[in-house]
Amino acid sequence: MLTQLKRIVQEVNQIQNLDEALAVLAKRLQEAMKVDCCTIYLANYEKQHFLLMATEGLSKDAIGKVSIGFSEGLIGWIGQREEPINIQDAQSHPRFKHYPEVKEENYHAFMGSPIIHQRKVLGVLTVQQKRKRRFSEDEEAFLVTLAAQIALEIAHAEARGALNLTDDLTKRLWQKSLRGVPGANGLAIGEGFVPHLKFNLRNQILKRSTQSAKEVTLYREAVKKTRAEVDLLSDRMQGEVPEDVLAIFQLYQHLLDANSLGHEVEEKIHSGWDAASSLKMVVEHYANQFRSMEDPYMQERAVDVEDLGNRVLGHLMPPTAAKASIPEQAILVAEEVSASMLAEFPAERLKGIISMRGSNNSHAAILARAIGLPAVMGLTDVPLSLLGGKDILLDGYSGEVIVSPNPNIKHEFQQLIDEERELFGLLQEQAALPAQTQDGVAVELLINAGLSAELEGCNSGLGDGVGLYRTEVPFMMRERFPSEQEQCKMYRAMLETNPGKSITMRTLDVGGDKPLPYFPVTEENPFLGWRGIRLTLDHPEIFLVQVRAMLRASLGLDNLKIMLPMITSVNEVSEAKRLIRQAYYEVAEEAMQQGQSLAMPEVGVMLEVPAVLYQMPQLAAKVDFFSIGSNDLTQYLLAVDRNNARVSGLYDSYHPAVLRALKQICDDCLRLGKPVTLCGELASEPGGVILLLAMGYRKLSMNSFSLAKVKWVIRSLSLVDARVLLDEVLEMEQPQQVRNRINRHLEALGLGGLVRAGK
Ligand code: PEP
Ligand code: MG
């Protein structure tokens, strides 16, 4: 059963055109289940009906014509109940509705399953048989499994199909709205730009061609160039890599042979596909065959076939396609946006970011917020290449991306951008005023830095120092660990930005969604794995070099504080402090020899793993200060991966459980007499600021871009009212109720303009 299922899904996946894919699906399903009829309906939510899209067994004339209302007949019933039905005789069922056009008079047995993707019914898959019988449990399981597997593909195909219209008129009249996860607030208009678009067959859209002779010539040329390239690579590596690695090049040459892949690709071209599409189909077929083999060595070969296919594809493409120039107003589209990608990009042209991977609290999103760029994350249903060169409207508040907008929408959007700019200007005017509530309570506002040193405005003079310097980014942008001297230089520059103010440097927090390219760690659950202090305690040589560099950098400035990430147990603090002391004595001695004295910096820990909530007194006895990493605390308390777009709806710092945890920590810190800062993203959200101040927090650390906004919120609010609000929301059941209540409060304070959307 599994093999049959796999085969059907793989075949259908390869067909880009949705109508064609559904037709093949209906045919294969009818054959596999040996039924008389198989039909697929897709939902149209605007029209509130299911449309017959493909059938084997009903009248083909009904395809695209017969529609069944959401509350009509057995199909509507399946959609409403969101579960399969299996009945012996459909015609005698009370919900049966007769549609003469489909010609189903002869069928009795009926089974149908909804096709559901992310809680939404996309369609219904049915099988029918002439004789009266109930389908077996196995048959039912088969249908349900197939419907579940095919759902994702239908969602993808819909997005792909809609984006790939070639006809100019349709293109002009058409605009497509895609939904991702809000990454960074703001609106942007620009042209999609995909940097280093490495040619990948996966992103290739199938296209027909009538010029088979020309396509064959193109293909043969590309193979010739690939052969030469593979030979060159193989020559270069001779003697440098083991024989079994070199054997891969032989496999490549063999696959390129006219009697191997080449033969099949040319056959596909002759059947009416262009060269790239033919190559894609053949390569994916081979790769899938390798992947389904039992022998792990053979399974691995799938990657080789795909790599080779991508090389040939690179030579099939016109050279200009490889180097598209950066548009004046660019929306950067990437599989995963990295700090180095942004550093390389001309800032004046960058208007917004779309990252296919990641979610609202991924570091790419935090980075976008830090430099004030609107961003949408987790746009998983669309191949990258389809957004390149397209006119795009990006709404970072709601996560909506509108591709090829019509002029009216574009005009409206531009007006919203202008209003936003005006509001921002207004905020900036007040940026230098003190951060004090209406009832005269002062709040310390610190800056989060490190994700992008030059872009973060640490030296703007605003803010009361740096509350979190993420040291990992300079590590991520190199090809090896930075030396002590290199680190010392970087840290010195940071400490000097605010000589009179404290700078809290966090020791290396890699792992999770921040991998080091030169120190690869492959884990099933990276956020629960070797991350932050866990990794650096296992590598004291890395930790010691970093701490020594920080200490040396602080000589004469004495404004350094050291902070430890991902602390779970007290012994991690003891061990880290032992190493810090060791580094301190080493550097202090060196300094003394030069007549300088070194101050011992304060050492604190991040509170971001829920376990620490229950060991506050024990931790307090060992440290000078605490800082709450609400991004991770939310992720670990709610057991929701902050980097996974699929569960982004569940990741919510306004969850009453998270708010209660934050309140408890604040109460504990007051009782234990330890200073506490909150340095997660919550500190830069207007609603978060109100709740945190009401809880008792007086130190907030955020990206410098949010500073003016947060100051405005603080200056507008009264703590007495904020406490009433807090008491109310702590009793609530749902995060959404909390958000709604906070938004009402913000509106009442005249801050509605800051919250355009729910998140
Ligand atoms: C946090 O977890 O809230 C935090 C500030 O650290 P990071 O986002 O770098 O994990
Ligand atoms: Mg963290």
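Which residue has a polar side-chain atom 3.0 Å from an oxygen atom of ligand 1? Keep that in mind as you look around; what you have open is a predicted model.

**Stop one: ligand 1.** Select ligand 1 and then Glu-608. There's your answer: a polar atom in the side chain of Glu-608 sits 3.0 Å from one of the ligand's oxygens. Now click on Gly-629, where a polar backbone atom is 3.4 Å from an oxygen atom of ligand 1. Move on to Ser-630: here a polar backbone atom lies 3.1 Å from a ligand oxygen. Taken on its own, ligand 1 has 290 Å² of accessible area, and the protein covers 100% of it.

**Stop two: the shell.** Show the 17 residues around ligand 1; the ones that come nearest are Arg-470, Arg-506, Gly-629, Asn-631 and Arg-642. Try colouring the shell by residue type: you should get 8 charged, 5 polar and 4 nonpolar residues. Next, highlight α13 (363-370), β16 (466-470) and α21 (630-638), each of which gives the shell at least two residues. The largest share, 3 residues, belongs to α21.

**Stop three: two cysteines.** Leave the ligand and select Cys-37 and Cys-38. A disulfide is a covalent bond between the sulfur atoms of two cysteines. So why is Cys-38 not bonded to Cys-37? The closest cysteine sulfur to that of Cys-38 is the one in Cys-37, and the 7.0 Å between them is too far for a bond. The count for the model is 0 disulfides. While you're here, check the surface: Cys-37 is buried, at 0% relative accessible area, and Cys-38 is buried at 0% too.

Conventions: Residues numbered from 1 in each chain as written. Chains lettered and ligands numbered in written order. Predicted model: local features only at pLDDT ≥ 70, side-chain atom pairs only at ≥ 80, totals over all residues. Heavy atoms only, no water. Near = heavy atom within 4 Å. Polar contact = N/O pair within 3.5 Å; in protein donor to acceptor, adjacent residues only side chain to side chain. Areas by Shrake-Rupley, 256 points an atom, 1.4 Å probe, with all protein chains shown as cover. Helix = DSSP H or I, 4+ residues; strand = E, 2+ residues; numbered from the N terminus. Nonpolar A, V, L, I, M, F, W, Y, C, P; charged D, E, K, R; others polar. Disulfide = S-S within 2.5 Å. Buried < 20%, exposed > 50% of the residue type's maximum accessible area, 1.4 Å probe, protein only.
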